[in-house]
Amino acid sequence: MSKEIIKIAQRIIKDFNLAYPLDLYKFASNHVDIEETKRLPLYIDGLYHNKDSSPHIYLNESTYQPRKHFTLAHELGHHFIPWHPLAIYCSIEKKYQCSFFNLEKEADSFAGELLMPTEWMRDLTQNNTVEEVFNILIKNNISIAAACLNITNKTTAPIQIKLKTPYQYYEHCYKSTSAKSLAKNNKYKTTETCLQFGINQLTVYNYEIEPQENSCI
């Protein structure tokens, strides 16, 4: 199902000739009415409601900007995915997603591709350093975690990213498909790059095949 959702997002990108980095609010406001409100409970990030062909997205005013940005893209997923209901509330917290968990996963997949399309991400990672890619994404209201996930999911480079914040006792680890394959089938070595974005500490590992020594008989 995820591949089908990605195709829907890519069709939207193509049909509306979207340019990147995306001006999400401008694009969204052409299709729905957007309202930031304090009336939503803290555990609800957003609400999509389409009554009488008048679609509305309500965003929780109290959430921080990158999360609000992703929530808007997520709610657009409910708007554009044909089989999604006309009214649904959304929370990043899994315990509040209940019976519509699959719908939430689909909207998340749509949002990730809308904000960071596969083709654009591959172009970014091929023509910029990892630090430059993070700077571009962060400048455009992408959270560090979402950037880590999409960089490693959409690059062809064999890299691994470890993310640590002061609020966590463990590191989040993100590894590209090519890094997983290389590590599984070859002897390899890595070079490390340490990056700091605010309170977030990143360690980027670039994988390389370790040269085999020639043996003489």
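**Exercise 1. Cysteines**

Is C148 buried or exposed? Determine also which cysteine sulfur is nearest to that of C148, and how many disulfides the structure holds.

*Solution.* The model is a predicted one.

Step 1. The relative accessibility of C148 is 0%. The cut-off for a buried residue is under 20%, so C148 counts as buried.

Step 2. A search over the whole structure returns zero disulfides. For C148, the nearest cysteine sulfur belongs to C173, at a distance of 9.9 Å. A disulfide requires two cysteine sulfur atoms within 2.5 Å, and C148 is in no disulfide.

Step 3. Seen from the other side, C173 is likewise in no disulfide, and its nearest cysteine sulfur is that of C148, 9.9 Å away. With a relative accessibility of 47%, C173 counts as partly exposed.

**Exercise 2. The chain as a whole**

Describe the secondary structure, extent, burial, contacts and charges of the chain.

*Solution.*

Step 1. Eight helices and eight strands make up the count of secondary-structure elements in the chain.

Step 2. Along the principal axes, the C-alpha atoms fill a box of roughly 80 × 40 × 30 Å.

Step 3. The chain has 217 residues, of which 43% count as buried. Its accessible surface is about 12800 Å², and carbon and sulfur atoms contribute 50% of that area.

Step 4. Consider the contacts in the chain with a separation of 6 or more: 55% of them involve residues 24 or more positions apart.

Step 5. There are 23 positive and 24 negative charges, and their mean positions lie 5 Å apart.

**Exercise 3. Backbone geometry in the loops**

Which peptide bond is cis, and what are the phi values of N17 and N141? Place each residue in its loop and assess its accessibility.

*Solution.*

Step 1. The peptide bond leading from Y20 to P21 is cis, with omega near 5°. P21 belongs to the loop that connects α1 (2–15) and α2 (24–29).

Step 2. N17 is also placed in the loop between α1 and α2. Although N17 is not a glycine, its phi is positive, at about 50°. The relative accessibility of N17 is 67%; exposed means over 50%, so N17 counts as exposed.

Step 3. N141 sits in the loop between α6 (130–139) and α7 (144–154). Its phi is positive too, near 65°, in a residue other than glycine. With a relative accessible area of 27%, N141 is partly exposed.

**Exercise 4. Buried polar residues**

With which residue does the side chain of D45 form a polar contact, and which backbone oxygen lies 2.9 Å from a polar side-chain atom of N150?

*Solution.*

Step 1. D45 is located in the loop between β1 (33–37) and β2 (46–51). At 2% relative accessibility, D45 counts as buried.

Step 2. The side chain of D45 is joined to that of R67 by a polar contact of 3.0 Å.

Step 3. N150 is part of helix α7 and, at 8% relative accessibility, counts as buried.

Step 4. The backbone oxygen in question is that of A146, 2.9 Å from a polar atom in the side chain of N150. Setting aside neighbours within four places in sequence, N150 is in contact with G112, M116 and M121.

**Exercise 5. Two buried alanines**

Which residues are in contact with A73 and with A179, leaving aside neighbours within four places in sequence?

*Solution.*

Step 1. A73 lies in helix α3, residues 65–80. Its relative accessibility is 0%, so A73 counts as buried.

Step 2. The contacts of A73, with neighbours within four places in sequence left aside, are L24, F110, A111, L114 and L115. The C-alpha atoms of A73 and D108 are 8.2 Å apart, with these positions 35 residues apart along the chain taken as their spacing.

Step 3. A179 lies in helix α8, residues 177–185. At 0% relative accessibility, A179 counts as buried.

Step 4. Not counting residues up to four places away in sequence, A179 touches P158, I159 and Y207. Of these, Y207 is 28 residues apart from A179 along the chain, and the two C-alpha atoms are separated by 6.4 Å.

Note on methods: Residues are numbered from 1 along each chain as its sequence is written. This is a predicted model: local features need pLDDT of at least 70, side-chain atom pairs count only at pLDDT 80 or more; totals for chains, interfaces and linings use all residues. Side-chain values use heavy atoms; hydrogens and water are left out. Helices (H or I, at least four residues) and strands (E, at least two) are DSSP runs, numbered from the N terminus. Buried means under 20% relative accessible area, exposed over 50%, partly exposed in between (1.4 Å probe, protein chains only). A polar contact is a pair of N or O atoms within 3.5 Å; within protein, one must be able to donate a hydrogen and the other to accept it, and residues adjacent in sequence count only if both atoms are side-chain atoms. Contact means heavy atoms within 4.5 Å. Accessible areas come from the Shrake-Rupley method with a 1.4 Å probe; for residues, only the protein chains shown count as cover. Lys and Arg count as positive and Asp and Glu as negative; His and the chain ends are not counted. The place of a charge is taken as NZ of Lys, CZ of Arg, CG of Asp or CD of Glu.
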